[in-house]
Amino acid sequence: MTTAGPGQGTVFLSALSRDLELACAPTGGLAAYLSPAEAESARKYTRAGDRLDYAASHALFRLLAARQLGRQPLAARHLQVTRSCAGCGSTAHGKPEVAGLSLSLSRSHGAVMAAAGPAGTPVGADIELVPGNLFKGFDDYVASTDERLGLAPQDVPARLRLWVAKEAVLKAAGLGLAVTPAAVHLAPVDAGTPERTLLRADCPGTPQVHGLTAAAVAAPDGYAAAVSAASDLPAATLPLADLLLARAA
């Protein structure tokens, strides 16, 4: 992975929620980067960990958007974030959007992730804690017929890599789990390692998904993560400190 300047290509960042909280502490904490509505939503979570993950994921999303737009970090809370559902057309839910960019966010049990790309280019991101066990029927729900044949018994990390790649693709398409993951087949594009192979989505019945690419990306220890886009993969990774740097006037 490489690094990229503001506004360049597809970029992503993943971090532990507590690390982002600590990084934001000198400038007012996570709340300094949230809209009033997001701060209120965070307070509604009863579990401290859930409150932190929600606040951290939305702060990260806004900070990445501000960085890619060339704005100051503290301008992040003032960005207008809208929603759009590709499935039903609603603006009350769906993929979050900021004018001038394509964006995606994800959170999972203590970790958060966001990705950004040029406006009009589908981008999706997903991060998941790798569990000790998976739910019954995981393979049938997530893997296509051919993918199931290639999964070794009890190989949870491989299954999680498949899961996050498909989640990223479906987020990039703006459809989420309205499409069953098993309906999407991910075919290798190159001969990289299983953890770094570029994958292309085969889903002829769903044109928003068909042809999107996905790749595993770096994540905190114990997590699996992937980014999907129509182009500009592999994505460039950003250091956490870069999001909080003041921009030159």
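**Helix α3 and the nonpolar core**

In this predicted model, the largest nonpolar core has 32 residues, and Leu20, Leu30, Tyr33, Leu60, Leu64, Leu103 and Leu243 are the ones that touch the most other members. Several elements feed into this core: β1 (11-16), α1 (17-24), α3 (48-68), β4 (101-108) and β5 (111-118) each put in at least two residues. The top contributor is α3, with ten residues. Taking Leu64 as an example, and skipping its neighbours within four places in sequence, its contacts are Val11, Ala114, Ala115, Ala116, Leu238 and Leu243. There is also a second, separate core, made up of 28 residues, with Ala165, Val169, Leu199 and Ala201 among them.

As for the chain overall, it has seven helices and eleven strands. Of its 249 residues, 49% are buried. Looking at contacts with a separation of 6 or more, 59% are between residues 24 or more positions apart.

Back to α3, which is mostly covered, with 16 of its 21 residues buried. The length of α3 works out as it should: at 1.5 Å a residue, its 21 residues are expected to span 30 Å, and the C-alpha atoms at its ends are 30 Å apart, so the two agree. Just past the end of α3 comes Gly70, with a positive phi of about 75°.

Helix α3 also packs against α1. The two axes come within 9 Å and cross at roughly 60°, and the crossing is left-handed. On the α1 side, the contact is made by Ser17, Arg18, Leu20, Glu21 and Cys24, and on the α3 side by Leu52, Asp53, Ala56, Leu60 and Leu63. Sorted by class, that contact comes to six nonpolar residues, one polar and three charged. Two of the residues named here, Leu20 and Leu60, turn up again in the list of core residues that touch the most other members.

The loop between α3 and β2 (82-84) holds Leu79. This leucine has a relative accessibility of 7%, and because buried means under 20%, Leu79 counts as buried. What does Leu79 touch, once residues up to four places away in sequence are set aside? Its partners are Arg62, Ala65, Ala66, Leu69 and Arg71. Take Arg62: Leu79 is 17 residues away from it in sequence, while their C-alpha atoms are 7.3 Å apart in space.

Conventions. Residues numbered from 1 in each chain as written. Predicted model: local features only at pLDDT ≥ 70, side-chain atom pairs only at ≥ 80, totals over all residues. Heavy atoms only, no water. Core = buried A, V, L, I, M, F, W, Y, C linked by side-chain atoms within 4.5 Å. Buried < 20%, exposed > 50% of the residue type's maximum accessible area, 1.4 Å probe, protein only. Helix = DSSP H or I, 4+ residues; strand = E, 2+ residues; numbered from the N terminus. Contact = heavy atoms within 4.5 Å. Expected span 1.5 Å × (residues − 1). Axes fitted to C-alpha atoms, helices over the stretch in contact; angles between N-to-C directions. Left-handed = near helix turned anticlockwise from the far one by under 90°. Nonpolar A, V, L, I, M, F, W, Y, C, P; charged D, E, K, R; others polar.
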